[in-house]
Amino acid sequence: MNNEVSIDKSSVPKKATGKGAISRRKMLEFLGIQAVAGTLAVGSALAAPKNFNPDNYNRGITPDQLPNTKAWLITDPTLCVGCRTCEIVCSLSHDNVCQPALSRIHTTSDPFNTLAKLEVMPNVCRQCNMADCYLACGYEALTIDPKTGARVIDPLKCEGCGECFNACPYDMIVENKAKNIFSKCDLCGGDPLCVQFCPAGAIKFIELG
Amino acid sequence: MQGWAGKIIRVNLSDGTIRKENTSKYLKYTGGIGFGYKIIFDEAPTADPFSPENRIIFAIGPLTGSLAPSTGRSEVISISPHVYTPKSKHPLVSRSGFGGYWGAELKFAGYDAIVVQGKAKQPVFINVNDDKVSIEDARFLWGKDTFETQDIIKTKLEDKGVQIVAIGPAGENLVRMSPIVHRTGNAAGQGGFGAVMGSKNLKAIAVRGSGGATVANKKKLIEYTKNIRGFMPGPLGSTPLSTGALSWTEKQVDPSDINQQALRFDQTKSCGPHLNKYHVKPLSCYGCPQGCYAYMHIDGMGGGAVSCTQWYYSWMGNTDTASFQASQMANKLGIDTFEMFPMIQFVWYLQDKEVDGKSLLTHLYQKNMVSKKNKEGLEQGHYPPKGSLGSEGLETILNMIAYRQDFLGNSLGEGFRRAVDLVAAQCRSTGMNQVAEKVQNFENMEGIMGGVVGGNGGRGMSIHYDPRTYGYYWALNWAFENRDPNRHSMTNLLEWTGLSFKQAMPVAIKHWGKDIAENGLSDIYRERDKPLTWNGAKSARANAALGQFIHYRGCIKDSIPACDWVFPMMTSGLKERDYTGDISVEQKLFELVTGEAMTADKLNERAARIWTLHRLLTALEWGNGNKVNLREEHDQLPEHFFQPSDPRFLPPFPPAPGPHPPLDKKHFEEAKTEYYKLMHWDIATGLPKRSTLKNLDMDDVLARFEKRAFRLPA
């Protein structure tokens, strides 16, 4: 069915809201439904990612070829006090500007509609073993930090295609519109600043042995 | 230079025009209140608070949005409908700040300020999304509370990340102590700026930005922030009910462990201990490790952040869930919680005082000034055993104020001090002279909680920290400000920290030297019959210096901006530092963020410029351009602070110690003289001199002032 998928370029997701975007998992599920239904065209409501080429998916990489991650950030959302220092220090250290929109760790705040303890909470990259971002990249821009196993985007190799962004099921890939590249949590090489600066002990760095 | 976004939004609601201007012409005034005062001074210094030409300015500063801790503040500046100074020819300019996320979001959208003037034909809200700014219909939001309003706008804009300031029904009804509310508990409380928005038909301002805050020295800022976090005192204790117990010293938490900072603090435990089981977690503002809000949740009341005086109902003695309801309702309706202390005292007073065997309230009821239902509700809100001090009394008084119900509620909606005059006048006009006299007497009220809520300070609003307890420097502070002069610069040393006076004195000496510390400070926990320390000329100089320190620090905090609760960092929890903090943190953060080399003197000069501009604005407003003597007319305290106290005006509930012995007018005047000298203001009139303005590089301000008003002393 590869050749049967038409691409509407005008519907390429442009904004990191996750709204117009579709994760790789969601996309595969969608394609499966499409195959069953025998429908050929992808409507603009569910956009295909830019440069989408199913041949690239997984790039032939099998789990045994992709080393497991060695460390995680884990969070306790019930402890988060919503100061957003993690976002500030993350964007400042990586992107030289205090800009939560560029931060690789996110906080959400919704005082009116969420469970009380989750009024504010952090959200972190899971550093997935079979990382969809890694598998999606067609430009070898995704690399592995040998020390932490973190899946890292090399900004010099990133072409800004957005495949990783669309692939991530957790919306943890960040678009840098000014530079037209994408970025993600790199675990700061093993001593994450978000952990160092969290005043509430809501984020921990754990090594998986 | 880094730090500032570079643009200011101008919105004229009368003709719907929106334009943008460069921030550069205001940079001399740093940001926050500096921008606000300059814009008002230049454009509409004597506007009526509710007239379309009155400007309301929302301004941030170079540090907003950056990593610099506890700097995510926004300042609101306007001519205040809340300040009440009958001797002034015009209403006076005032300020109020709030935390939360809104200020940082404004920076991310690319702006240093929003200036609103004019009046919309129908309710609107302003929507800022990066470079797109629009005026949107808000008719469907009118009448909604501040929480609903924010939620509806977020839903409408399909973006949970949008940050909103809004007014509630009280602001729409021009209630004079109506705040502007952001999130669930961040409020620009005093000044009645919610009513200014209401008078403009402006329901809310929504802001969304995708940009960032630039800093000059990234590496050093990260290092230095970590350094500060290693010695900054833990979250401040917030109430006298918790004296000492919340302090880092007693909690034995190592402040060098920068983690867990926010978790040392549990507001609920100290302020509403009966609600502990409803405490969810602490809550912070943008970039702040302090977590000084208690996030509470009670089924049926929803979730909300509570801090400090938002616990007013608990402080007044309530011991059930109405303590939280009080905060939720005030924030939703848009009522300044700090004003609720004298309000509640006033309605108690109306019930406690009698004429001809009937309470004052009964007399008001018989003259149709309050309905039967509301009278009974207020009586329910009396302290026990007469009333239950519960939900019913609370709902009655808050709804009366917000919706201006009955003559009494309509008067209370004017603020407690105006209400005293209005109710007394109405009583006189209906022939109840004795009742009128008793009502009028309430202007001599005493503050509760041993002087922390300081009573009627002379600007028509509830006021912080009784100078009979705290000192002549604080009397100066009351005399020079146009509003409740609350600054935590001194209480961060003498109160909240848990240090005893004996422990605090060496810290004070390190910051100011022996002369100032020993001749200016008194132990605020001394016996109630002991007057303030006074060592003649030495004390006059010391108190003037401390007064100036508070004012300069206040102007710095409200312009760079930095949180008043946190800065200056007078103390530290570290014994090896002898509990000494670092009061140079502001200047170092300013330098690392902006790239401008900064010293204490240079930052003080920036503060002096703002404070002097505030002074000139006050002079202009006070006399409508005519010659004024601010020393004699403006820089005064209500007479009863100089007289032995009358315990009748201190409610018997909740139990609180009476005030310290009265101030001595001679000492007060001596301290004022020294203060004018320090400020280079004219001693006879308290006016800034021409030379002072020239030295501060304010020639343009001098020229404009003299053109509009009168020639300043040489």
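This tour moves through a predicted model, from whole chains to individual strands, helices and one loop residue.

**Stop 1: the two chains**

Begin by selecting chain A and colouring by secondary structure. Chain A contains five helices and eight strands. Traced along the sequence, these elements follow the pattern α-β-α-β-β-α-β-β-α-β-β-α-β. Chain A has 209 residues, of which 45% count as buried. For contacts in chain A between residues at least 6 apart in sequence, the share that joins residues at least 24 apart is 66%.

Next, select chain B, where 29 helices and 21 strands are found. The C-alpha trace of chain B spans about 70 × 60 × 60 Å along its principal axes. The radius of gyration of chain B is 24 Å, which agrees with the value near 27 Å for a compact globule of 714 residues. Buried residues account for 63% of chain B. When contacts in chain B with a separation of 6 or more are considered, 68% of them come from residues 24 or more positions apart. The remaining stops are in chain B.

**Stop 2: strand 3 and its two partners**

Select residues 56–59 of chain B, which form strand 3. In a regular strand, side chains alternate between the two faces of the sheet. Display the side chains here: B:Ile56 and B:Phe58 lie on one side, B:Ile57 and B:Ala59 on the other. Are the two faces of this strand covered or open? Both are covered, since all four of these residues are buried.

Now add residues 74–79, which are strand 4 of chain B; strand 3 pairs with strand 4 in the antiparallel sense over four bridges. Within that pairing, B:Ser78 is the bridge partner of B:Ile56. Then add residues 113–117, strand 6 of chain B, which is also joined to strand 3 by four bridges and runs antiparallel to strand 3. In strand 6, the residue opposite B:Ile56 is B:Val116. Centring the view on B:Ile56 therefore brings both partners into the picture, B:Ser78 in strand 4 and B:Val116 in strand 6.

**Stop 3: a three-stranded open sheet**

Select strands 13, 14 and 15 of chain B. They form an open sheet in the order 13-14-15, with antiparallel pairing. Its edge strands are strand 13 (279–283) and strand 15 (302–306), each of which pairs on one side only. From one strand to the next, the twist averages 25°. Helix 10 of chain B packs on this sheet and touches strand 14 and strand 15; the direction of the helix makes about 90° with that of strand 15.

Examine the pairings in turn. Strand 13 and strand 14 (residues 293–298) are antiparallel, with four bridges between them. B:Pro282 faces B:Ala294 across this pair, and B:His279 stands opposite B:Met296. On the other side, five bridges join strand 14 to strand 15, again running antiparallel. Which residue in strand 15 is the bridge partner of B:Ala294? That partner is B:Val306. Strands 14 and 15 form a hairpin with three residues between the strands, where B:Gly300 adopts a positive phi near 95°.

**Stop 4: the loop after helix 10**

Follow helix 10 (322–333) into the loop that separates it from helix 11 (340–352), and select B:Phe338 within that loop. Is B:Phe338 buried or exposed? B:Phe338 is buried, because 24 other C-beta atoms lie within 10 Å, and the cut-off for a buried residue is 20 or more. Show its contacts beyond four places in sequence: B:Phe338 touches B:Gly189, B:Gln190, B:Thr309 and B:Ser462. For B:Thr309, the separation from B:Phe338 is 29 residues in sequence and 5.7 Å in space, C-alpha to C-alpha.

**Stop 5: a helix pair**

Finally, select helix 6 (residues 218–231) and helix 24 (residues 585–594) of chain B, whose axes come within 10 Å and cross at roughly 160°. Angles over 145 degrees count as roughly antiparallel, so that term describes helix 6 relative to helix 24. The crossing of helix 6 past helix 24 is left-handed. To see the interface between these helices, display B:Lys220, B:Leu221, B:Tyr224 and B:Ile228 of helix 6, which meet B:Val585, B:Lys588, B:Leu592 and B:Val593 of helix 24.

Key
Residues are numbered from 1 along each chain as its sequence is written. Chains are lettered from A and ligands numbered from 1 in the order in which they are written. This is a predicted model: local features need pLDDT of at least 70, side-chain atom pairs count only at pLDDT 80 or more; totals for chains, interfaces and linings use all residues. The radius of gyration is taken over C-alpha atoms; the globule rule is 2.2 Å times the number of residues to the power 0.38. A residue is buried if 20 or more other C-beta atoms lie within 10 Å of its own, exposed if 12 or fewer, and partly exposed in between; C-beta atoms are placed from the backbone. Two residues are in contact if their C-beta atoms, placed from the backbone, lie within 7 Å. Two strands pair if DSSP finds at least two bridges between them. Axes are lines fitted to C-alpha atoms, for helices over the stretch in contact, and angles run from 0 to 180 degrees between N-to-C directions. Angles under 35 degrees count as roughly parallel, over 145 as roughly antiparallel, 65 to 115 as roughly perpendicular and the rest as oblique. A crossing is left-handed if the near helix is turned anticlockwise from the far one by less than a right angle, and right-handed if clockwise.
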